[in-house]
Amino acid sequence: MKSQSLAILPNDWLEYLANHRIFELTSKDAQQASRTFDRANQYDTFAQQYQTRVIVLRGSDLIVAVGSQLRLLDLNAVKDAWIEVAPQFIDAGQASNDWLLDIPYKTLATPSIDFTIESLNVNSKGNLLAVAGQKRLAVVCLPPTGFSHTTTYSSQGQVECKVFVVGRDIYGDKARVLKAEWHPLSETMTHIMVLSTDSVLRMFDVSGSIDESEQTFDLSPTYQRNNARRPSRGIVLDDDLGSEDEAVSFAVGGKSQKGSGWEPFTVYFTLRNGHTYALCPVLPFNSVVHNRHLESLACVVEAKTSRVLEQYKLDQSDGESKALYYLFRLQSQWISDLIASAKTADGDKITVRTTDSCIPFPIQRQGPFRVEGQPTKAGGQNEVSDMLFIRTEAANAIILAFTDGIIETHLLGSAVDPQWLMPNNSNTEWETELGQFLHSTDVLPKATVHEAIDLKIQSSTSIMLVRDPLYSDTFYAYHGAGLHRIALTKLINNIAVLEEAYQTGASHQDFEKAMEEYSAKDSQADVQCLIESSITRINEPLIGATIITDVYLSYSILALTRSYKLTAIELGLRQSQLASSSNTSSKLGSGQAAESQIPNGSLLTESYTVPELTQPKILVPQEFGGKKEVVITEESLLFITKSSEKIYSSIKELNKSRIQAEKRMALQEMEIHRQIEQVQSLCERLEQQQIQDEQHKKILDAAQVHGKLALRIDSVLRKVMGSQLPELSSEEKKWVESLDEIQTLVAGDQGYIKRLEMLQNQVSSLQERAAKIQWRALGGTRKSALTSAQVADLRRLLDKQGSLVQETKERVGALLS
């Protein structure tokens, strides 16, 4: 029992969540976790690159991996129980953890998972869970959210789930699993991309074959070197394969949207030494894309093709324009093949098949990126640990996390477009020319190191990156020293302003001014340490972090240590500009009201108005205008003198305004320092005063009333959500069961569809026999072996079969409708 000195708020349940039994460990589990997540293992060169994430969210279900066991907890049930018991704690003035004992967690029955789980990843549909160990990869079919009536349980009370082991003959000692991620463009949401220690990236469709990959990409530098050709200009990047050249992480380009470029079709990957590469186009054989996305790409490629063709016509010796024309024609053909295979899906989405593409060449590895700035030099114990792709409307960025605690932000300067590897010793001239062009440094993708963030970590550690589901410009980094929140908001906003000036067709001078303003603005990332091991005395690495973004639960982040101690931190939602401006004005108003109480008066006794500066208008007379040659006469000299005087007087006024503005800025700086001193003095006076018992009681009573009101609000919110999303009634459950029976009756092994196919085959066979008989009856070479009575019987049989087929079709149509 612990005493509560202040009122309880609705989201205080997060503080108690760490005491739930789902995080309990046996001594054997604790020892196994300590060995498994020891990322300082000097005998494993990939120890700090294994993806570590043993806690994930599926809607409101929290999934935790303990050893080889999967546990699941409904957070809605935890919040509901908290809302019921919290008012009692407020009245009693103390709280306990006993209420958590009434909230059980579910254990998933997964006997096929006989390895220690190191990473979890839920697909976007929420029905599949990728479970990865170092040498094994499995996919678990999750039960429905909330455990519906169809959920089955084992004899031990565990929830039965289907488990599929992926790549059973692929992953093991020679190819260990580094990272697994679901592809967002998959039509069935069943395509998963897996990077292993053999530098091979494989894409599996778990709805099809789980033993063989649908697509395979060799990321090792030797693959590119063996297929390289000597260009006529530029250089060839011949990498010597070593431990620094091994691929250690990758990231996909995100979903297909209306204004997307080639990013959704791109896979980015990084080597141990920090070199970044790209593959494009990479997408599942059956994909879902936005209709406008393909249309816009087709228009862009067509415009590029026309421009390059015009340049080549002007200078036919320009080999670059000629090679670009070949490349754009391949891209146009690829898009045309996708559009030809398109079928309408939900809304503006269409499904496409990449297997229908007629381009016979393999995808070329593009890179390394030509990085401007000062990138982190990897080497020795400093290596890339993880990679993240951030996509916003203003800019795209690649985030690299190094084991020495450096987080690098790379702004992508040029878009990665599709490129294919041309065959060696080709007899076709255009293939040879295009191959030489694509292997030159001129076509390497570009990036700029915007910022290198130092997390000030004392020792080498594994750093994992997680993006924020609500804000695309924010991500989190968890590691052995704690958890950091990194927001690129200022950078993205400044780039958006600059891009808007460019898109609106600003003049050259206006755009240069916008560039100067962009350079003067603060574009550094906002870095906030949410968990610091040295302060919290945990002194253990974090092995997982997940973010809650539910309107009922809260907006918060859950982080788990190696000993399975949970830390929950409530995050703040961003306010709109209108709200922030109103808050600012209210603060200014209150500050002005309290200004009279400050002992010393303000230094800003006079209001400051920005002087209005007008650019002098100089009207050129007609005799000096147009294309006429200027003749130096007395009139022209007089006109130039007057114009110069106007400009000079304007410059003098501008200089005066500058001096006044500088004086005002100095005065305001002095006023800020004075106000800070006054506020500090008031704070010291308040700290010296003791709060009276009566005032303390009033504050406590008000806080308790506020806490009860907030709990009631959340309770009403939960009821409203329940009324809008109610559970299935008994009649609805029976109806669902009847639908399942109808589905089996129609599409089962002995269903109507199978029977209909059999009948159609029989009818076709009988029709062929009848046609042969009729042909023989009308003058065939051989006499028919059937009599007229037999032919009549055969016709009656065909009519009967036809009516039976028609009746079956009608019944199937009625059931499906």
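**Entry 1: strands β9, β11 and β8**

I began with V140, whose bridge partner in β11 is V163. The model I am reading is a predicted one. I then looked up the pairing that holds this bridge: β9 and strand β11 (residues 163-165) run antiparallel and are joined by three bridges.

Next I asked how many residues of strand β9 (residues 137-141) are buried. I found four of the five buried, so β9 is largely enclosed by the rest of the structure.

I also followed β9 to β8; these two strands run antiparallel, with five bridges between them. For L128 I noted C141 in β9 as the bridge partner. The link from β8 to β9 is a hairpin of four residues.

**Entry 2: residue V131**

I located V131 in strand β8 (residues 128-132). Is V131 buried or exposed? I recorded a relative accessibility of 0%, and because buried means under 20%, V131 counts as buried.

I listed the contacts of V131, leaving aside its neighbours within four places in sequence: L70, I113, F115, I117, S119, L120, R136, L137, A138 and V140. V140 is thus a contact of V131 as well as the bridge partner of V163. I also checked N121, which lies 10 residues from V131 along the chain; the C-alpha atoms of the two are separated by 6.9 Å.

**Entry 3: strand β13 and its partners**

I turned to strand β13 (residues 191-196) and found six of its six residues buried, so β13 is largely enclosed by the rest of the structure. In a regular strand the side chains alternate between the two faces of the sheet. I therefore asked which residues of β13 lie on each side. I found H191, M193 and L195 on one side and I192, V194 and S196 on the other; all are buried, and both faces of β13 are covered.

I then looked up the pairing on β13. Strand β12 (residues 177-182) pairs with β13 in the antiparallel sense over five bridges, and K179 has L195 of β13 as its bridge partner. Strand β14 (residues 200-205) also pairs with β13 in the antiparallel sense over five bridges. Here I noted I192 opposite F204 in β14.

The hairpin of β13 and β14 has three residues between the strands. In this hairpin I recorded a positive phi near 60° for S199.

**Entry 4: helices α5 and α6**

Two packed helices are described by the angle between their axes and the distance between the axes. I looked up both values for helix α5 (residues 291-314) and α6: the axes come within 9 Å and cross at roughly 155°. Angles over 145 degrees count as roughly antiparallel, which makes α5 roughly antiparallel to α6. I noted the crossing of α5 and α6 as left-handed.

On the α5 side I listed L294, L297, A298, V301, E302, K304, T305, V308, L309, Q311 and Y312. These meet S321, K322, L324, Y325, F328, R329, Q331, S332, I335, L338 and I339 in α6. I sorted the residues of this contact of α5 with α6 into 13 nonpolar, five polar and four charged.

**Entry 5: helices α6 and α7**

I next took helix α6 (residues 319-340) with helix α7 (residues 429-438). At what angle do the axes of α6 and α7 cross? I recorded a crossing of roughly 100°, with the axes coming within 9 Å. The two helices are therefore roughly perpendicular to each other.

I listed E320, K322, A323, L324, Y326, L327 and L330 of α6 as making the contact, together with E429, W430, E433, L434, F437 and L438 of α7. The residues of this contact divide into nine nonpolar, no polar and four charged. I noted that K322 and L324 of α6 appear in the contact with α7 and also in the contact with α5.

**Entry 6: the sheet β32-β33-β34**

I looked up an open sheet of three strands, in the order β32-β33-β34, with antiparallel pairing. Which strands are the edge strands? I found β32 (542-550) and β34 (566-570), each pairing on one side only. The twist from one strand to the next averages 20°.

Strand β33 (residues 554-561) pairs with β34 in the antiparallel sense over five bridges. I noted L560 opposite L566 in β34.

**Entry 7: the protein overall**

I closed with the totals. I recorded 16 helices and 34 strands in the protein, and buried residues make up 42% of its 817 residues. Among contacts between residues at least 6 apart in sequence, 66% join residues at least 24 apart.

Definitions and conventions: Residues numbered from 1 in each chain as written. Predicted model: local features only at pLDDT ≥ 70, side-chain atom pairs only at ≥ 80, totals over all residues. Heavy atoms only, no water. Axes fitted to C-alpha atoms, helices over the stretch in contact; angles between N-to-C directions. Parallel < 35°, antiparallel > 145°, perpendicular 65-115°, else oblique. Contact = heavy atoms within 4.5 Å. Nonpolar A, V, L, I, M, F, W, Y, C, P; charged D, E, K, R; others polar. Buried < 20%, exposed > 50% of the residue type's maximum accessible area, 1.4 Å probe, protein only. Pairing = 2+ DSSP bridges. Left-handed = near helix turned anticlockwise from the far one by under 90°.
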